[in-house]
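Reader: I am new to this structure and should be grateful for a guided introduction. May I put some questions about its charged pairs, its interior and its surface?

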Amino acid sequence: MKQSTIIGGLGSLVLVTGALVMSPQSIGAFFSLPGLLVVFGGTLLATLFSRPVAEVRSLWQKLPQLFREEESTMDTDVEQLLWFAHKHRLNGPRTMEAALPQVTNPFLRDGLRQVIEGCSFDDLNKALQWRIAGMRSQESGQIQILYTMAAYAPAFGMLGTLFGLVHMLSGIGEAGLNEIGGSMAFAMITTVYGIIASNLLFKPLAIKLERRTGQRLMQLTALMEGILQIQERRHPTLIKEALESYRAHYQAPEPVGRPLTLVKA
């Protein structure tokens, strides 16, 4: 798991647990199954009502990946791209065809295949941009789902609070203090659940996915520029310098990987 994820997750857990332990009342008062159903069940149903089920399912399948460190394949992709640039400049596109299945990145492999097939510069540029736009649209929709859930959770927490207050006020003349206290506790705890779900779960996940999507889009953009320069038969050294400039500009905060090198056939 990523260090930031471990620190943030454990820190949030310690924060909430510490607040419960320091409470003068029984810890059991902070656990309410109806309150959890109102907040999380209502948030999920509202999300399904507003977004396609397929998008929500796709996001649910991707969530476990956000808690793990994503290994970057940029170094390998760049080395393969530079090798193809070298072969394309010396021997032409047909010599690249046999080695094409060895390319691990689907985006890079499809772009190089179009170069081999003699696709024009404009058509190649348009096709690569459409693929990047499709990926951006898909992941932007998933990010929007998380932000939407972060907005729904406090609202359903307030809804649970209103339910508890209505129940308490409707029986205030006949109910005893125990029943009034239980209704008031339910009213308050749902607001707590909504705030915790929004600010310690959904929003952090949305920001994490947004950052990871931005990094992936920048890597694809760099690969697209490399593919287009191969199509123009530019010298591999110039392509290498352009990609190194990209890394220096967009990956300065990250640990610097091994230097880019031309790979011999």
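Reader: How many salt bridges does a search of the whole structure find?

Author: This is a predicted model, in which local features need pLDDT of at least 70 and side-chain atom pairs count only at pLDDT 80 or more, while totals for chains, interfaces and linings use all residues. Residues are numbered from 1 along each chain as its sequence is written, and side-chain values use heavy atoms, with hydrogens and water left out. A salt bridge is a side-chain nitrogen of Lys or Arg within 4 Å of a carboxyl oxygen of Asp or Glu. By that criterion, the number found in the whole structure is five.

Reader: Which residue forms a salt bridge with D110 and lies three residues apart from D110 in helix 5?

Author: Helices here are DSSP runs (H or I, at least four residues), numbered from the N terminus. Because the two partners are three residues apart in helix 5, about one helical turn separates them. The closest N and O atoms are 3.0 Å apart, and the partner of D110 is R113.

Reader: Which helix holds R131, whose salt bridge with D110 links distant parts of the chain?

Author: The side chains of R131 and D110 meet with an N to O distance of 2.4 Å. The pair is 21 residues apart, with D110 in helix 5 and R131 in helix 6.

Reader: Is E139 buried or exposed?

Author: The side chain of E139 meets that of R216 in a salt bridge (2.8 Å, N to O), and K62, E139 and R216 are linked in a network of salt bridges. Buried means under 20% relative accessible area, exposed over 50% and partly exposed in between, with a 1.4 Å probe and protein chains only. E139 has 6% relative accessibility, so E139 counts as buried.

Reader: Which helix gives the most residues to the largest nonpolar core?

Author: A nonpolar core is a set of buried Ala, Val, Leu, Ile, Met, Phe, Trp, Tyr and Cys residues joined through side-chain atoms within 4.5 Å. The largest has 32 residues, and those with the most contacts inside it include L81, F84 and I230. Helices 4, 5, 6, 7 and 8 each supply at least two residues of this core. With eight residues, the one that gives the most is helix 7.

Reader: Is L33 buried or exposed?

Author: L33 lies in helix 2, as does T47. T47, at 1% relative accessibility, counts as buried. L33 has a relative accessible area of 60%, and therefore L33 is exposed.
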